[in-house]
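Work through the three exercises below with the sequence and the coordinates at hand. Each task is followed by its solution.

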Amino acid sequence: MAGHGTDEHPHGADRLCEAGDRVYSRAVRRGRVPRRDAEAVPCLLELALLHPDPDDMDWLVPTSPQEVMTRLLRGVYDEISASQRRVGSAVAAVEWYAGLGGRTTASAYGGEGTAAIRVLDGPARIQAALDEATAACTTEVLTVQPGGIRREHELSEGLHRALALRGRGVRMRDLYNHVARHGQGLLNYLELMGDAVEARTLDEVIERLILFDRTVAFIPANADRTMALELRHPGLVAYLVTVFERLWRLAIPLTAALPDTGIEGISHREQSIAALLAEGHQDAVIAERLGISVRTCRAHIARLCETLGAASRTQLGVRIAQAGLDGPPRPAGLTVPGRRTPGVR
C-alpha cells in the first residue's frame, strides 16, 4: 500500500482499521457515502475499497465485498506459490551443498549423524541425552555443580548414572561451592562412590557443566535449566576442559580444611563476601555467586560490620579496604601490618 495515509493505516484490505471498517460498512449498507466521510480513512481509497461515484464526484461508492474477496484470494495464492518456489529452491540448495561435503562435512561438525551443537528442550530430553552419554562414557567425567548445599533428591537424580560409571571404572571429578561442604547428603554420596569420585570446592564456580570423555559437554541453555546445550564441537569441548582444569587447580580438596584468613574474627566466607562487597555487588548477587541464601549473606555482612567496627554499609567499604579484604585472599598466617585485630582502634 502506498500514498497518503500509509503510516497511519498500515494494513491491508483483509484487516481494516476500526475507522475504515465503519466507513466501508456504511458504504456497503447504503450504496455510497459522502467523500468527506472518507477523509479520515484514506486507506479505503488506496486499497480501492471505495472509488468516486461517476454520477457525482462528491460521493464514493464501495467495491463489492465479492470482488474484494477475489482480489485477496488471488494475492494469497500468489504468496503461497512464491513461498513454494522459495522452499523448493532452498531444499535443492541444501541437497547440493550436503552432497559436496559427504563424510568430511559430517565429521567436521561433530561426527557422522551428530550435530556440533544440539538444543535439548525439556527435562525429559536432557535426561535422555545424559543417559546416552553416560552409557557411551569409558574413562572420565568432569562436572561443575554450582549452588548451595546439595539436597538428597538432587543427588539421587543422577545417582544411577554415577553408579553405572563407577561400575565401568570411570573416574569422576566434581567441583562445588565451598558451602556444599556443609551438606550431609554430599558427604554420604561421596562415601558411597568411594575412590571413583574426587571432589573439590571454590568460593565461586561457573554455571553447571558436565563433560564426558572430553568429547561431549552439557551446559544450561536458560536460567531455570529447562533447556540445555549438547556440545560436540572439538574446539568448544577443549575450551571447556581447559576452564575446568584451571578451576580444578585453584580448588581445595573436600577432605582438606579451608585456609584460615589470617585476620582475627573473619571467616573464609566473610572474606569472600567482603571482596565481593568491595566490587560493588548487591546482597542477592553475592548470595547467588557463593551458593548461600540472601538471609545468610546479610547475617555475615552484619558480623563483618561488627568485627570491623563499621556503623554503616558505606563505612564498611572503607573498613574492608583498610583490612585488606578487598583483594584476593591473603595467605594463611598473614595479618594486616600494624594491627592485631581488624576492629577500630
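Helices (H or I, at least four residues) and strands (E, at least two) are DSSP runs, numbered from the N terminus; two strands pair if DSSP finds at least two bridges between them. The model is predicted, with local features needing pLDDT of at least 70 and side-chain atom pairs counting only at pLDDT 80 or more, while totals for chains, interfaces and linings use all residues. Residues are numbered from 1 along each chain as its sequence is written, and side-chain values use heavy atoms, leaving out hydrogens and water.

**Exercise 1.** Give the strand order of the open sheet of eight strands.

Step 1. The order is β4-β10-β9-β8-β5-β6-β7-β11, with mixed pairing.
Step 2. β4 (117-121) and β11 (252-253) are the edge strands, each pairing on one side only.
Step 3. Inside the sheet, β8 (residues 209-212) and β9 (residues 216-220) are antiparallel over three bridges; Phe212 has Val216 in β9 as its bridge partner.

**Exercise 2.** Explain why β1 and β2 each have one side without a neighbour in their sheet.

Step 1. The three strands of this open sheet run in the order β1-β3-β2, with antiparallel pairing.
Step 2. β1 (33-34) and β2 (50-53) are at the edges with a single partner strand each, so one side of each has no neighbour in the sheet.
Step 3. Two bridges join β1 to β3 (residues 56-62), and Pro34 is opposite Trp59 in β3.

**Exercise 3.** Which members of the largest nonpolar core touch the most other members?

Step 1. A nonpolar core is a set of buried (under 20% relative accessible area, 1.4 Å probe, protein chains only) Ala, Val, Leu, Ile, Met, Phe, Trp, Tyr and Cys residues joined through side-chain atoms within 4.5 Å.
Step 2. Among its 26 residues, they are Val141, Met172, Leu186, Tyr189, Leu190, Phe212 and Phe218.

Definitions and conventions:
Buried means under 20% relative accessible area, exposed over 50%, partly exposed in between (1.4 Å probe, protein chains only).
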